[in-house]
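Dear colleague,

Please find below the structure that I am handing over to you. My findings follow directly after it, arranged by topic.

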Amino acid sequence: MTLPRASGLLLHPTSLPGRYGIGDLGAEAYKFVDFLAASGQSLWQVMPLGPTGYGDSPYQSFSAFAGNTLLVSPERLVEDGLLNAEDLAGAPAFSDERVEYGRVIEYKHELLAQAFENFKRSTDDALRRDYEGFLGYASAWLDDYALYSALKDEHGGASWHTWGEGLARRETGALAHAREAFRERIEAHKFFQYEFFKQWLKLRAYCAERGVRVVGDMPIFVAHNSADVWARPHLFQLKEDGSPSVVAGVPPDAFSATGQLWGNPLYDWEKMRAEGFGWWVERVTFSLRLFDALRLDHFRGFAAYWEVPAADATAEGGRWVQAPGRELFHTLRAATGGNLPIFAEDLGTITPDVHALRDEFDFPGMRVLQFAFGGDPHDTHLPHNYTTNSVAYTGTHDNDTVVGWFRSRSAKGRTEEATRLRRERDFCLKYLRTNGAQIHWDFISAAFSSVAATAIVPLQDLLGLDSTARMNTPASAEGNWAWRFPPDALNTELSTRLKETTRIYGRLRPSD
């Protein structure tokens, strides 16, 4: 994929400000796009936009296709006549700094339920036609997802394999009975998805008008408790009772001494191959209707993945298993007419076969400055070793903020770890030729000045925030995905400095 020289920001919509407890697709999202455009940025990277499951993680979604309805803007529902302003007047006092997911879920669900009741009574023919159009737009997955969601509601959120044999095995009679018994609830979930996609596609169109391309994020795996696994269990390695026989993870690494046990079921690649990788074709082609490009998370899993017995408590006892990535990407490239705009997240335990797969399809890989300062001058994460076909990051959603990272390397003491951290900090200061007073801008300048065609900065790093603004700590089940920025953070002074930095290093769009 040939990338123009460009830059952008990484921000998940949940982190946007607003009075309803969580960032949404309303006015603040449009203001953020305006900030990107005014600052000379041409990319907005988001995390997965699916409905969140365990731990509120966007990487553990109930669907690889559906949208997260917590992102639906209540104010846009008022504008569309589906809610009254009075319906929003009693909004609880939510935190401006963190998403309180439990409270937000309860509040948003009540609003969406009221909007659905008003939708059913509406005599707006244009609204009804638009809704019917969406049913066709999402026909490949919507019926299964809406039925799954209705049944999940009925079973208190329990995993589908515990619903009883008839529903778990998708027996014809049981499904027909459920569709009739939960007809109203099924229709409600379809409407909720309609509102998400209507708002997202309008925002995406606004991005295009402002010259901002949107980079989506596609996890390689899906959650076991998801519509995808329930609807097509034969495509996954499951036991007779529907539970996973083996699960995904990664071996011990810098983030965890025992590895990371993600728990996602693993694909039955032979059955996927036998079906012409049809599920993947549906998934990728649909996603490319929502985004201009996709960051493919855990790319190395398409060369070989870490398979862990489902009964294991850690990922240490796993093994590498080969995956048919080459066949899959050839199929996807043909299905998209040769246009496969993918960023490969090629981090972690990388072997030559992963690089070979990435390079065969000309996918740009990722380079992360926070990984660069171990002392090896040949480290691929050091800017002087970058290639043009790569994406430079100051950090990712799994990293500490740059300021937090830098401060953690000022540890006192004589332990081996403290010595290693200080050595890393000293090398960083020498390499960047700085005293560290504005270390986040030093990192931004290093990424922007590199030969990497694309440079992306998490908003936390642009704002120079410390570890309290960290988005995710891998292998930690609590306190993640909740950070939000205040409404006055994106000011003219910051925009001017970002645009000037972008101009100096040749990343402005021609129109700027």
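The structure holds 32 salt bridges, and I should say at once that the model is a predicted one. In general, side chains of opposite charge can pair when their charged atoms come close.

**Salt bridges**

One of the salt bridges joins E240 and R169, with 3.0 Å between the closest N and O atoms. This pair links distant parts of the chain: E240 belongs to the loop between α10 (227–231) and β4 (246–250), R169 belongs to the loop between α7 (165–168) and α8 (172–181), and the two are 71 residues apart. E240 has a relative accessible area of 65% and is therefore exposed, the cut-off being over 50%. R169, at 43% relative accessibility, counts as partly exposed.

A second pair to note is D292 with R204, whose closest N and O atoms are 2.9 Å apart. Because D292 lies in the loop between α12 (278–287) and β6 (293–296) while R204 lies in helix α9 (residues 183–209), this salt bridge ties together parts that are 88 residues apart in sequence. How accessible is D292? With a relative accessibility of 32%, D292 counts as partly exposed. R204 has a relative accessibility of 15%, which means that R204 counts as buried, since the cut-off is under 20%.

R295 and D217 form a further salt bridge, in which the closest N and O atoms are 2.8 Å apart. R295 is in strand β6 and D217 in strand β3 (residues 213–218), so the pair ties together parts that are 78 residues apart in sequence. Both R295 and D217 are buried. There is also a network: D346, R358, D359 and R367 are joined into one by salt bridges that share partners.

**Helices α1 and α9**

Helix α9, which holds R204, also takes part in a helix contact. The axes of helix α1 (residues 27–38) and α9 come within 10 Å and cross at roughly 20 degrees. Since angles under 35 degrees count as roughly parallel, α1 is therefore roughly parallel to α9. The crossing in which α1 passes α9 is right-handed. On the α1 side, the contact is made by A29, Y30, V33 and D34; on the α9 side, it is made by Q199, K202, L203, Y206 and C207. By type, the residues of this contact divide into 6 nonpolar, 1 polar and 2 charged.

**Surroundings of V214, S42 and A303**

V214 is placed in strand β3. Its relative accessible area is 0%, so V214 is buried. Which residues does V214 touch, not counting residues up to four places away in sequence? They are W44, W200, R204, C207, F291, D292 and A293. R204 and D292, which appear here, are the partners of the salt bridge described above. C207 also appears here and belongs to the contact of α9 with α1. V214 and M471 are 257 residues apart in sequence, and their C-alpha atoms are 20 Å apart in space.

S42 is found in the loop between α1 and β2 (43–45). With a relative accessible area of 3%, S42 is buried. Not counting residues up to four places away in sequence, S42 touches A6, S7, G211, V212, R213 and R509.

A303 is placed in the loop between β6 and β7 (304–309). At 7% relative accessibility, A303 counts as buried. Leaving aside neighbours within four places in sequence, A303 is in contact with V321, Q322, A323, D353, V354 and L357. A303 and D268 are 35 residues apart along the chain, and 15 Å separates their C-alpha atoms.

**Positive phi values**

Two residues other than glycine deserve a separate entry. Phi of F277 is near 55 degrees, a positive value. F277 lies in the loop between α11 (269–274) and α12, and, at 4% relative accessibility, F277 counts as buried. W481 has a positive phi of about 65 degrees, although W481 is not a glycine. W481 is found in the loop between α18 (459–462) and α19 (492–504). Its relative accessible area is 6%, so W481 is buried.

With kind regards

How values were computed. Residues are numbered from 1 along each chain as its sequence is written. This is a predicted model: local features need pLDDT of at least 70, side-chain atom pairs count only at pLDDT 80 or more; totals for chains, interfaces and linings use all residues. Side-chain values use heavy atoms; hydrogens and water are left out. A salt bridge is a side-chain nitrogen of Lys or Arg within 4 Å of a carboxyl oxygen of Asp or Glu. Helices (H or I, at least four residues) and strands (E, at least two) are DSSP runs, numbered from the N terminus. Buried means under 20% relative accessible area, exposed over 50%, partly exposed in between (1.4 Å probe, protein chains only). Axes are lines fitted to C-alpha atoms, for helices over the stretch in contact, and angles run from 0 to 180 degrees between N-to-C directions. Angles under 35 degrees count as roughly parallel, over 145 as roughly antiparallel, 65 to 115 as roughly perpendicular and the rest as oblique. A crossing is left-handed if the near helix is turned anticlockwise from the far one by less than a right angle, and right-handed if clockwise. Contact means heavy atoms within 4.5 Å. Ala, Val, Leu, Ile, Met, Phe, Trp, Tyr, Cys and Pro count as nonpolar, Asp, Glu, Lys and Arg as charged, and the others, Gly among them, as polar.
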